[in-house]
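Here is a friendly walk through one small set of side-chain and helix features. Have the viewer open as you read, and follow along residue by residue.

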Amino acid sequence: MEVRIESMICVWDDAIPTMFLEFVNLLTLTTSEGELRKSVKEFAEKHELDKFFLYGFGSHHFYIIRKSKCSRVSK
């Protein structure tokens, strides 16, 4: 699977970096839509994916977005 990260990853909880990297690895190792759906469901059940991210399936893609907004420091 092709994984595209289109925005920055906000680390507002210590669990996010490890969880996100494990999830990206899971995505890149899947070979079919069925396997992807099963893997995402199992991952979400074992980890707190729902606590930090919203995710779902489009007609030709899987999406995941953060639940919390990043605060930007302006100078």
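A salt bridge here is a side-chain nitrogen of Lys or Arg within 4 Å of a carboxyl oxygen of Asp or Glu. With that in hand, a search of the whole structure, which is a predicted model, turns up two salt bridges.

**The overall layout**

The protein holds three helices and two strands, and along the sequence they follow the pattern α-α-α-β-β. Of its 75 residues, 24% count as buried. Among contacts between residues at least 6 apart in sequence, 42% join residues at least 24 apart.

**The charged pairs**

Side chains of opposite charge can pair when their charged atoms come close. The two cases found here are set out below.

| Salt bridge | N to O distance |
|---|---|
| Arg37 and Glu33 | 2.9 Å |
| Lys51 and Glu48 | 3.9 Å |

Arg37 and Glu33 both belong to helix α2, which runs over residues 33-46. They sit four residues apart, about one turn of the helix. Is Arg37 buried, exposed or partly exposed? Its relative accessible area is 38%, so Arg37 is partly exposed, given that buried means under 20% and exposed over 50%.

In the other salt bridge, Lys51 is partly exposed at 43% relative accessibility. Glu48 is partly exposed too, with a relative accessible area of 43%.

**Rings and a charge above one of them**

Arg37 has a further partner to look at: Arg37 lies over the face of Phe57, at 4.1 Å from the ring centre. Arg37 can also be placed relative to Phe62, since the two are 25 residues apart in sequence and 9.1 Å apart in space, C-alpha to C-alpha.

How many aromatic pairs does the structure hold? There are six. One of them joins Tyr55 and Phe62, with ring centres 6.3 Å apart and planes at 40°, so this pair is tilted. A pair of aromatic rings is described by the distance of the centres and the angle of the planes. Within the Tyr55 and Phe62 pair, Phe62 is buried, with a relative accessible area of 17%, while Tyr55 is partly exposed at 25% relative accessibility. Ring pairs also link Phe23, Phe43, Tyr55, Phe57 and Phe62 into a cluster.

**Helix α1**

Two members of that picture lead into the helices. Phe23 is among the buried residues of α1, together with Ile16, Met19, Phe20, Val24 and Leu27. Why can these residues be said to line one face of the helix? Seen down the axis of α1, the buried residues fall within an arc of 135°, so they line one face. Leu21 and Leu29 are exposed on the other side of α1.

The length of α1 can be checked as well. Helix α1 covers residues 16-29, and its 14 residues, at 1.5 Å a residue, should span 20 Å; the end C-alpha atoms are 20 Å apart, which agrees. As for partners, the buried residues of α1 pack against α2, α3 (49-52), β1 (53-57) and β2 (62-66).

**Helix α2**

Back to the helix that carries Arg37. In α2 the buried residues are Leu36, Ser39, Val40, Phe43 and Ala44. These residues cover an arc of only 130° around the axis, which puts them on the same side of α2. Turned away from that buried side is a face with the exposed residues Lys38, Lys41, Glu45 and Lys46.

The span check works here too: the 14 residues of α2 should span 20 Å at 1.5 Å a residue, and the end C-alpha atoms are 20 Å apart, which agrees. The buried residues of α2 pack against α1, α3, β1 and β2.

Ser39 is worth a closer look in the viewer. This residue of helix α2 counts as buried at 15% relative accessibility. Which residues does Ser39 touch, leaving aside its neighbours within four places in sequence? Ser39 is in contact with Leu26 and Thr30.

**Putting it together**

Arg37 ties several of these threads together: Arg37 meets Glu33 in a salt bridge and lies over the face of Phe57. Phe57, in turn, belongs to the cluster of linked rings, along with Phe23 and Phe43. Phe23 is one of the buried residues of α1, and Phe43 is one of the buried residues of α2.

Conventions: Residues numbered from 1 in each chain as written. Predicted model: local features only at pLDDT ≥ 70, side-chain atom pairs only at ≥ 80, totals over all residues. Heavy atoms only, no water. Buried < 20%, exposed > 50% of the residue type's maximum accessible area, 1.4 Å probe, protein only. Phe/Tyr/Trp six-rings, centres within 6.5 Å; stacked < 30°, edge-to-face > 60°. Lys NZ or Arg CZ within 6 Å of the ring centre and 35° of its normal. Expected span 1.5 Å × (residues − 1). Arc of directions from axis to C-beta. Contact = heavy atoms within 4.5 Å.
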